[in-house]
Amino acid sequence: INAEYMGQASSILGQSLCKVPLKPTRAITKEEIDEAIHNIRKDIDRLTNWRAFISKSLVQEYSIPDDMQEHVEKDLVQAMNSFPNHFHRSHVINHNTGHIWCTMARLLTIWKSNRYLTQDTWQVVKSLEISRFERIR
């Protein structure tokens, strides 16, 4: 039986690190081992790149204009009021969601080489999160 653990980080890392054979049904070939090692190395490279980007983003100038801050607050309140009935209990939008969405907004803004959160970037963050919630639901 093969089981897959699909954590919330699986959208960043490949799934090669997430597959866990609980009870192998056959012997694993050398080619399969080599392929798994290759995939793990790719995931490690991806993770290293993410770590470098996040480290760099911590020192980049970033702010949320007052009008955007009001918009973000309204969207978060609306999301907390609308989504709880649509998603699995452990993935309900709650007070931590605001922190997660704002962190994503910061990273996406910096990735786009901007200093301020814009309406377009905020919409991208919301659509990415809604897509993620749908996938893990």
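1. Trp 50 counts as partly exposed, its relative accessibility being 34%. In this predicted model, the residue belongs to helix α1, which spans residues 30-57. Together with Ile 54, Leu 58 and Val 59, Trp 50 makes up a nonpolar surface patch with about 410 Å² of accessible area.

2. Trp 50 also takes part in one of the two aromatic pairs found in the whole structure. Its partner is Phe 53: the ring centres lie 6.1 Å apart and the planes stand at 80 degrees, so the pair is edge-to-face. Trp 50 and Phe 53 are three residues apart in helix α1 and therefore separated by about one helical turn.

3. The other pair consists of Trp 101 and Trp 122, with ring centres 6.0 Å apart and planes at 65 degrees, so this pair is edge-to-face as well. Here distant parts of the chain are linked, since Trp 101 sits in helix α3 and Trp 122 in helix α4, 21 residues apart. Both Trp 101 and Trp 122 are buried.

4. Thr 121 is likewise a residue of helix α4 (residues 119-136). Thr 121 is buried, with a relative accessible area of 1%. Setting aside neighbours within four places in sequence, the contacts of Thr 121 are Ala 105, Leu 108, Thr 109 and Lys 112.

5. Four salt bridges are present in the structure. One of them joins the side chains of Asp 34 and Lys 30, at 2.8 Å from N to O. These two residues are both in helix α1, four residues apart, or about one turn of the helix. Asp 34 is partly exposed at 38% relative accessibility, whereas Lys 30 is exposed at 56%.

6. A further salt bridge in helix α1 connects Asp 43 with Arg 46, whose closest N and O atoms are 2.9 Å apart. The two are three residues apart, and therefore about one helical turn lies between them. Asp 43 is buried, with a relative accessible area of 2%, while Arg 46 is partly exposed at 34%.

7. Which parts of the chain does the salt bridge between Asp 75 and Lys 126 tie together? Asp 75 is in helix α2 (residues 66-82) and Lys 126 in helix α4, so the pair joins parts that are 51 residues apart in sequence. The N to O distance of this bridge is 2.9 Å. Asp 75 counts as buried at 8% relative accessibility. Lys 126 has a relative accessible area of 19% and is buried too; the assignment follows because buried means under 20%.

8. As to the overall arrangement, the protein chain contains four helices and two strands, in the order β-β-α-α-α-α from the N terminus. Of its 137 residues, 24% count as buried. Among contacts between residues at least 6 apart in sequence, 63% join residues at least 24 apart. The chain exposes about 10100 Å², of which carbon and sulfur atoms supply 56%.

9. Confidence should be considered when the model is read. The mean pLDDT of the chain is 78, and 73% of the residues reach 70 or more. Among the elements, helix α3 (residues 95-111) has the highest mean pLDDT, 88, and strand β1 (residues 2-4) the lowest, 41. Over residues 1-10 the pLDDT is below 50, although this stretch has 18 contacts in the model beyond near neighbours in sequence. Where pLDDT is low, the predicted coordinates should not be read in detail.

How values were computed
Residues numbered from 1 in each chain as written. Heavy atoms only, no water. pLDDT = per-residue confidence, 0-100. Contact = heavy atoms within 4.5 Å. Buried < 20%, exposed > 50% of the residue type's maximum accessible area, 1.4 Å probe, protein only. Patch = residues over 30% accessible without salt bridge, like charges linked within 9 Å, V, L, I, M, F, W, Y side chains within 5 Å. Areas by Shrake-Rupley, 256 points an atom, 1.4 Å probe, with all protein chains shown as cover. Phe/Tyr/Trp six-rings, centres within 6.5 Å; stacked < 30°, edge-to-face > 60°.
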